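Student: I'd like to go through this one slowly and ask how each label is earned. Can we start once the structure is up?

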Amino acid sequence: MASLRERALSTKTLVCLIQALQERETTVELRNEVSISGRIEIVDGYMNLTMSDVTLTTPNNEQRKYESFFVQGKQVRFVHIPDDINIVEAIKQQLNLIRGRGQYKERKQHKKALAQTLKIRQENLKMKERQQELP
């Protein structure tokens, strides 16, 4: 599970867009002129990437293949966003996942149900008190 700091970074930066690309094929360009093409497996709040089935291309156009590859976030220069991605929708969906919107609604409904139950119990207690007061 991501730390609070990572979640904050994900929601306040465009890292959430890259997180939306998990399980997708894309190309990442690094600061040292190397490009990496492969499937994004994991992206954390610091933009560290773990990729699989990677083809690394050096500035000399030499290619190397790796099963798994880790990229430190500081080394990322550019991430190619596939054309079929709706950027706005991808960001919205990822932010909802990070913020746990579905869980928020469930908690709110649960609190409301608890408040109603408490109210009913209080009314029942008042009725019992009134009944005991009657001769």
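Student: Where in the chain is Thr58 placed?

Tutor: Thr58 is in the loop between β3 (49-57) and β4. Helices here are DSSP runs of H or I with at least four residues, strands are runs of E with at least two, and both are numbered from the N terminus. Before we go on: this is a predicted model, where local features need pLDDT of at least 70, side-chain atom pairs count only at pLDDT 80 or more, and totals for chains, interfaces and linings use all residues. Residues are numbered from 1 along each chain as its sequence is written, and side-chain values use heavy atoms, with hydrogens and water left out.

Student: What makes Thr58 buried or exposed?

Tutor: Buried means under 20% relative accessible area, exposed means over 50%, and partly exposed is in between (1.4 Å probe, protein chains only). Thr58 has a relative accessible area of 12%, so it is buried. Leaving aside neighbours within four places in sequence, Thr58 is in contact (heavy atoms within 4.5 Å) with Val34 and Arg64.

Student: And what about Gln19, is it buried or exposed?

Tutor: Gln19 sits in helix α2. Its relative accessible area is 8%, so Gln19 goes down as buried. Beyond its neighbours within four places in sequence, Gln19 is in contact with Ser10, Val43, Asp44, Gly45, Gln94 and Ile98.

Student: Why is β3 called largely enclosed?

Tutor: Seven of the nine residues of β3 are buried, so the rest of the structure largely encloses that strand. For the chain as a whole, buried residues make up 30% of the 135 residues.

Student: How do you know that β3 and β4 pair?

Tutor: Two strands pair if DSSP finds at least two bridges between them. β3 and β4 have eight bridges, in the antiparallel sense, so they pass. One of the partnerships is Thr55 with Lys65 in β4. The hairpin of β3 and β4 has five residues between the strands, and Asn61 takes a positive phi near 65° there.

Student: How many bridges join β2 to β3, and β1 to β2?

Tutor: Seven bridges join β2 to β3, and these strands run antiparallel. β1 and β2, also antiparallel, are joined by five bridges. Ser35 stands opposite Thr57 in β3, and Glu29 stands opposite Ser35 in β2. In the hairpin of β2 and β3, with five residues between the strands, Met47 has a positive phi near 70°.

Student: Which strands stand at the edges of the sheet, and what makes them edges?

Tutor: The five strands form an open sheet in the order β4-β3-β2-β1-β5, with antiparallel pairing. β4 (63-71) and β5 stand at the edges because each has a single partner strand, so one side of each lacks a neighbour in the sheet.

Student: Why is the Arg24 and Asp84 pair called a salt bridge?

Tutor: The term asks for a side-chain nitrogen of Lys or Arg within 4 Å of a carboxyl oxygen of Asp or Glu. Arg24 and Asp84 meet at 2.7 Å, N to O, so the pair qualifies. The two residues are 60 apart in sequence: Arg24 lies in the loop between α2 and β1, and Asp84 in the loop between β5 (76-79) and α3 (87-99). At 25% relative accessibility, Arg24 counts as partly exposed, while Asp84, at 57%, is exposed.

Student: What makes Arg39 part of a network?

Tutor: Arg39 forms a salt bridge with Glu23, the closest N and O atoms being 3.4 Å apart. Arg39 also forms a salt bridge with Glu41, at 3.7 Å. Salt bridges that share partners join Glu23, Glu25, Arg39 and Glu41 into one network. The relative accessible area of Arg39 is 28%, so this residue is partly exposed. Glu23, at 43%, counts as partly exposed, and so does Glu41, at 24%.

Student: Which element has the lowest mean pLDDT, and which the highest?

Tutor: pLDDT is the predictor's confidence in each residue, from 0 to 100. Helix α4 (residues 101-133) has the lowest mean among the elements, 68, and β1 the highest, 96. The chain's mean is 84, with 86% of its residues reaching 70 or more. Where pLDDT is low, the predicted coordinates should not be read in detail.
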